[in-house]
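User: Please take a close look at the site that holds the ligand, and describe how the protein surrounds it.

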Amino acid sequence: MLQIVFRSQLTKLLSYTDIQKLCLASARNNRKAGVTGFMVECGGVFLEAIEGETREVDETFSRIRHDTRHDQMEIVYSENGLDRRRFGAWSMNVMFLDDDVFWQTVFGTGFSCDELLSSRALEPAFALGLLAMAYQYACTQAKVEPPPAGARPGRIPRIGHMLRR
Ligand SMILES: Cc1cc2nc3c(=O)[nH]c(=O)nc-3n(C[C@H](O)[C@H](O)[C@H](O)COP(=O)(O)O)c2cc1C
């Protein structure tokens with residue numbers, strides 16, 4: 001399996017609702033392709049992980065990178081030969097990181113969503129750590145368990161799963 005993690009920036013700001021719609025459309029496409037993933041957003045900047053069979057992830061990623069709604073695309077990390085899914089709960093879900101409670105609970109004081117805009121978000125360890133912690137937080141908040149081995153991964157999120165203040 002292939003995992004790709006990228007950061008990109010919206011060319012024009014979108015509302016929470018528009019981002020939720022984008023996430024749902026992505027989740028539906030990903031579900032058909034057996035792709036799972038997770039993204040965080042703050043101030044129009046996205047950090048997103050997608051994972052699944054190599055061909056499907058490549059196809060999905062090439063569609064994403066041609067989308068003119070965002071640019072400044074940087075691949076932060078990619079791993080081929082992934083042994084298991086790291087973000088298997090949803091085919092795609094989004095968490096809005098303009099949530100001080102998240103930063104304080106997970107990282108402590110002094111951290112904010114500015115981290116996503118800084119060059120730190122391009123460090124693979126930081127980006128993967130941030131996505132993993134946001135994913136865990138979202139699973140807990142939404143009371144969603146990552147699927148057990150053998151079960152079909154990647155639910156479509158409900159509106160209440162796309163966490164925002
Ligand atoms: C930040 C961002 C993340 C996206 N993530 C996905 C994704 O994970 N899967 C996907 O199919 N489309 C994703 N899209 C949308 C695609 O770029 C593209 O618009 C969509 O796949 C086209 O599908 P459609 O023909 O069904 O509308 C994303 C777009 C943006 C701006």
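Analyst: The ligand sits in the largest pocket. Here a pocket is, on a 1 Å grid over the protein atoms alone, an open set of points where a 1.4 Å probe fits, with protein on both sides within 12 Å along at least five of seven lines; a molecule sits in it if more than half of its atoms lie within 2 Å of its grid points. The model is predicted: local features need pLDDT of at least 70, side-chain atom pairs count only at pLDDT 80 or more, and totals for chains, interfaces and linings use all residues. Residues are numbered from 1 along each chain as its sequence is written, and side-chain values use heavy atoms, with hydrogens and water left out.

Around the ligand are 14 residues (a heavy atom within 4 Å), and the closest are Asn30, Glu48, Arg63, Asp67 and Arg69. By class, this shell comprises five nonpolar, five polar (Gly among them by definition) and four charged (Asp, Glu, Lys or Arg) residues. Two or more residues each come from helix 1 (16-33), strand 3 (45-52) and helix 2 (54-65), elements taken as DSSP runs (helices H or I, at least four residues; strands E, at least two). Helix 1 gives the most, with four residues.

Three side chains offer polar contacts (N or O pairs within 3.5 Å). An N or O atom of the Asp67 side chain is 2.7 Å from a ligand oxygen, one of Asn30 is 2.8 Å from a ligand nitrogen, and a polar side-chain atom of Asn29 lies 3.1 Å from a ligand oxygen. Taken alone, the ligand exposes 620 Å² (Shrake-Rupley method, 1.4 Å probe), of which the protein buries 76%.

Conventions
A polar contact is a pair of N or O atoms within 3.5 Å; within protein, one must be able to donate a hydrogen and the other to accept it, and residues adjacent in sequence count only if both atoms are side-chain atoms. On a 1 Å grid over the protein atoms alone, a cavity is a set of points where a 1.4 Å probe fits but cannot get out, and a pocket is an open set with protein on both sides within 12 Å along at least five of seven lines; lining residues have an atom within 4 Å of a point.
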